[in-house]
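Hi,

Here is the structure I promised to pass on. Have a look at it first, and my notes follow below.

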Amino acid sequence: MASRGVSPKLLQSLRGFLRPCSSSPPSLAALPPLNLVEKPPIHTGAVGPSVSDSVLDLDDAERLFGSFSTAKLLRSSANLQMASIDPLVDVGMWVMNSRLMEMPLIGDVVVGALRHTFFEHFCAGVNHKEMSVAVRRLWETGMRGMLVYGVEDVYDNESCERNFERFLETIESTESLPPSSASFVIVKITAICPMPLLERVSDLLRWEHKDPSFHLPWKLNTLPIFSQSSPLYHTSRKPDPLTAEEEKNLQLAHQRLLKLCQRCQELNVPLAIDAEYTSVQPAIDYFTYSSAIVYNKDDTVVFGTIQAYLKDAKERMLLAVEGADKMGVSMGFKLVRGAYMSSESKVASSLGCQSPIHNCIQDTHDCYNECASFMLEKISSGRGAVVLATHNVESGKVAAAKARDMGIGKENHKLQFAQLYGMSEALSYGLKNAGFAVSKYMPFGPIDMVMPYLLRRAEENRGVLSTSTIDRTLMRKELKRRAKVLFSAGDWRSGNIQATAKLDDHSAFN
């Protein structure tokens with residue numbers, strides 16, 4: 001990849017990726033996929049079983065990382081450690097800010113180094129072939145992959161159509177994977193519908209919520225999108241109706257999503273739609289719910305995403321589930337904490353409004369746990385499905401204990417736990433060892449496209465890499481154990497391969 005082809009936008013994102021973590025000691029809690037930084041919640045006992053009753057064992061490093069080859073343990077530990085060393089980060093930032101990046105050789109070396117370190121650690125590859133290899137390796141360890149073609153916001157129909165084809169190829173690729181190894185295909189509405197149109201549709205939906213007599217001739221059947229506490233400040237005045245061209249583009253976007261849903265239904269792989277900013281989330285929910293009404297009659301094909309850091313998250317979820325029940329629709333949700341804390345607060349402040357984000361992190365923890373508890377009860381009663389996407393250890397323990405007590409285990413595919421690929425490995429393997437279905441959120445695609453996709457989230461969550469503390473600690477513990485095995489064998493000086501093999505005799509080499 002020639003350095004002249006490295007865009008300033010990519011370099012800016014890469015600088016954000018190498019930003020130093022907070023100087024304060026990191027907590028053992030972690031970010032769920034695309035989450036705000038968090039501390040372990042104080043469990044009050046109001047939303048589930050005591051965490052002391054948890055079935056998770058996050059202390060046995062040998063059992064947690066038994067499927068890791070020694071080489072992978074070393075690489076993973078090194079990547080996570082490098083990202084936590086401030087002087088190394090400072091040097092990296094200086095290099096990328098300097099004129100050195102304009103020199104072809106040095107630019108190639110820097111981007112190549114990132115490609116073979118951080119990109120390989122947090123991404124599943126540059127194309128479908130590499131992604132398939134990563135999914136197979138993950139499947140061998142007993143976990144599944146959530147396939148994420150890493151495209152971002154687009155502004156024209158040509159880009160939307162191109163992204164639609166890439167999403168469709170991702171769905172088609174599941175046919176060549178081991179059965180059930182792909183738990184979801186992830187789709188971003190912002191990649192198949194132009195952003196300006198999503199903003200316009202969101203404005204119109206918000207105004208309709210304010211004034212039910214406001215007529216939207218293009219509106220399809222949907223579930224409740226707003227609650228009484230939903231932020232409506234983005235739409236301060238009555239919006240103009242959609243033009244004929246906008247209505248046509250809206251119909252094209254709906255057709256793209258419905259085609260993706262149809263193919264997912266045919267191949268028996270669920271489709272999850274990511275959440276975004278509150279400025280466009282109403283339109284995203286509208287797309288999600290209108291397609292779920294069509295495809296979630298007999299099974300849960302379409303999943304929406306609830307961001308628990310929003311004050312209206314629980315109320316919106318309850319209203320949507322209630323509406324789905326009345327229509328005989330099985331609604332599924334991917335539950336996360338949230339991705340855009342600082343930007344949401346800045347926008348609200350600029351408009352003279354209160355932030356839509358909970359006032360304290362504990363409120364976010366409580367909301368997440370309450371939403372998780374509600375969905376587990378729905379699953380137990382035979383309706384709905386949920387993906388508990390969290391890196392927070394305490395939330396994982398609470399949900400696992402409640403699921404265990406309700407008899408919900410791995411055989412019930414209505415419950416999935418999920419973490420980012422390359423992150424929170426101890427929690428992922430702990431949940432898997434406890435008998436739950438676990439998936440990893442696996443972004444893939446060309447490096448200049450996928451790195452900004454991930455790094456913009458790192459920019460929103462300055463402490464994202466500090467949450468790797470528990471993984472680094474346990475990885476070092478397992479490496480030390482294996483080193484003792486090697487040295488105790490007494491043959492390390494002669495390079496006896498049998499002694500070395502003892503380190504990995506139960507590992508999936510990769």
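How many aromatic pairs does a search of the whole structure find? There are eight aromatic pairs in this predicted model. One of them is formed by Y149 and F444, which meet edge-to-face at 5.4 Å centre to centre, with 70° between the planes. That pair links distant parts of the chain, since Y149 belongs to strand β1 (residues 144-149) and F444 to strand β8 (residues 438-444), 295 residues apart. Y149 is buried at 10% relative accessible area, and F444 is buried too, at 0%.

Another pair, Y277 with Y340, is tilted: the centres are 4.5 Å apart and the planes make an angle of 40°. Here Y277 lies in the loop between β3 (271-273) and α10, while Y340 lies in the loop between β5 (332-336) and α12 (341-350), 63 residues apart. Y277 is partly exposed, at 24%, whereas Y340 is buried, at 6%.

Ring pairs also link F65, F68 and Y429 into a cluster. The charged end of K72 sits over the ring of F68, 4.3 Å from its centre. Elsewhere, R337 lies over the face of Y368, 4.2 Å from the ring centre.

Now the cavities: the count is six of 30 Å³ or more. The second largest has a volume of about 110 Å³, and its lining includes R206, F226, D285 and R316. Helix α10 (residues 281-295) gives the largest share of that lining, three residues. By class, the lining of this second largest cavity has five nonpolar, three polar and four charged residues.

Best wishes

How values were computed:
Residues numbered from 1 in each chain as written. Predicted model: local features only at pLDDT ≥ 70, side-chain atom pairs only at ≥ 80, totals over all residues. Heavy atoms only, no water. 1 Å grid on protein atoms, 1.4 Å probe; cavity = no way out; pocket = protein on both sides within 12 Å on 5 of 7 lines; lining within 4 Å. Points joined across faces, edges and corners; volume = space filled by probe spheres on them. Helix = DSSP H or I, 4+ residues; strand = E, 2+ residues; numbered from the N terminus. Nonpolar A, V, L, I, M, F, W, Y, C, P; charged D, E, K, R; others polar. Phe/Tyr/Trp six-rings, centres within 6.5 Å; stacked < 30°, edge-to-face > 60°. Buried < 20%, exposed > 50% of the residue type's maximum accessible area, 1.4 Å probe, protein only. Lys NZ or Arg CZ within 6 Å of the ring centre and 35° of its normal.
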